[in-house]
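Biologist: I should be grateful for a close look at a single part of this model. Please take one strand, describe its surroundings, and then set it against the interior of the chain and the spaces within it.

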Amino acid sequence: MFNALVVNKDDEGKTSAAVTQLGLDDLPDAEVTVAVEYSTVNYKDGLCIGPGGGLVRNYPHVPGIDFAGTVETSDDDRYKPGDKVVLTGWRVGEAHWGGYSQKARVKADWLVPLPAGLDTRQAMAVGTAGFTAMLAVMALEDHGIKSGPVLVTGAAGGVGSVATALLAKLGHQVAAVTGRPETADYLKGLGATQIVAREEINETTKRPLEGETWGGCVDAVGGAMLARLLGQMQYGASVASVGLAGGAGLPATVIPFLLRGVNLLGIDSVMQPYDNRLRAWKRLAKDLPMDKLEAMVQPATLSDLPKLGADILAGQVKGRVVVDVNA
């Protein structure tokens, strides 16, 4: 038997989450069984622990959209017992049972070998949020980051924190947008050279173009903020869009695209091809400063998850929550 956070839904549609003991026979059928060591808490996890957000198909359900651990058994030649592996995406923790469990059984295609230079705890300090941040930075690099500050919105969150640290380590000036003034010192510690108050950039304007300010942007907010900053990008600069905390709508015009050649790059971390996953994880092992990564970490256990799920939905989680599923 082993412990897992299990979410149930009653006849009235109300969900509840509690740490429960399961057996190996309870796990879904798949090729690889992993002894999970660490997972994380992301916005999707908050939805899946709580109301579901339309992401969870069947109950009972084990959330956790990512994990790192050690292969116990494998019916696939690519993995053998003792291999260290990482999983992000593929709707694990949503449509499929996930990482909030001491054991997980998943498809071999969903796994990536743990890259040299990272242990399983560090891999989950990175987690889905850090992996997404690396994909965003790589997309900006592929399109050419311009001179001047690179803007990071939602900078104190999981994606924003890692993006700030990565961009600073790579030699860029980073302007960090936050609605929480108390996070300014934290963001400067990650390498931000400028703190931008959320209210300065969170409103739409009738002017489709403003001064050319930002050499690139990692945007985790979307909505009115994304529309506003599109008109502030330098000529030919790119925005990597990774989230919609500010809403799914985009009240913008096409003028920044037509007159300044601005690029809006969509970043999907869920269905990324294997080769690009491997590229991103290798870059993280090489380019993410581990001392900065440690500064982002908030430790947690399975029993902490119901509260943390509610906290992240309320925007009250800073940095990276690393869940030790065996604690």
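Modeller: The following account begins with one strand and its partners and then turns to pockets, cores and a cavity. The model is a predicted one, and the strand chosen is β15, residues 320-324. Four of the five residues of β15 are buried, that is, under 20% relative accessible area, so the strand is largely enclosed by the rest of the structure.

Two strands pair with β15. Strand β14, residues 297-301, runs parallel to β15 and is joined to it over five bridges; within this pairing, Val297 stands opposite Arg320. Between these two strands the chain passes through helix α9, residues 305-313, and the resulting β-α-β crossover is right-handed. Strand β3, residues 32-40, pairs with β15 in the antiparallel sense, over three bridges. Here Ser39 is the residue found opposite Val323 of β15.

The strand also takes part in an open space. The largest pocket holds about 1,400 Å³. Its lining comprises 49 residues, of which Tyr43, Ala220, Gly243, Leu244 and Ala245 are the closest to its centre. Both β15 and α9 are among the elements that give two or more residues to this lining, as are α1 (43-49), α2, α3, β9 and α5 (223-230).

Some of these pocket elements recur in the nonpolar interior. In the largest nonpolar core there are 51 residues, and Leu187, Trp281, Leu284 and Leu288 have the most contacts inside it. At least two residues of this core come from each of α2 (120-143), β8 (150-152), α3 (158-169), β9 (174-178), α4 (184-190), α7 (274-287) and α8 (290-296). Helix α2 contributes the most, with 14 residues. Around Leu288, leaving aside residues up to four places away in sequence, the contacts are Val126, Val162, Ala165, Leu166, Arg283 and Leu293. A second core, separate from this one, has 34 residues, including Val71, Leu87, Trp110 and Ala300. Residue Ala300 lies within the range of β14, the parallel partner of β15.

Closed space remains to be described. There is one cavity of 30 Å³ or more, and the largest cavity contains about 40 Å³ of space. Among the residues lining this cavity are Leu22, Pro28, Val62, Trp97 and Arg105. Strand β6, residues 103-106, supplies the most to the lining, with three residues.

Notes:
Residues are numbered from 1 along each chain as its sequence is written. This is a predicted model: local features need pLDDT of at least 70, side-chain atom pairs count only at pLDDT 80 or more; totals for chains, interfaces and linings use all residues. Side-chain values use heavy atoms; hydrogens and water are left out. A nonpolar core is a set of buried Ala, Val, Leu, Ile, Met, Phe, Trp, Tyr and Cys residues joined through side-chain atoms within 4.5 Å. Buried means under 20% relative accessible area, exposed over 50%, partly exposed in between (1.4 Å probe, protein chains only). Contact means heavy atoms within 4.5 Å. Two strands pair if DSSP finds at least two bridges between them. A crossover is right-handed if, with the strands pointing away from the viewer, the path from the first strand over the helix to the second runs clockwise. On a 1 Å grid over the protein atoms alone, a cavity is a set of points where a 1.4 Å probe fits but cannot get out, and a pocket is an open set with protein on both sides within 12 Å along at least five of seven lines; lining residues have an atom within 4 Å of a point. Grid points are joined across faces, edges and corners, and a volume is the space filled by probe spheres set on the points.
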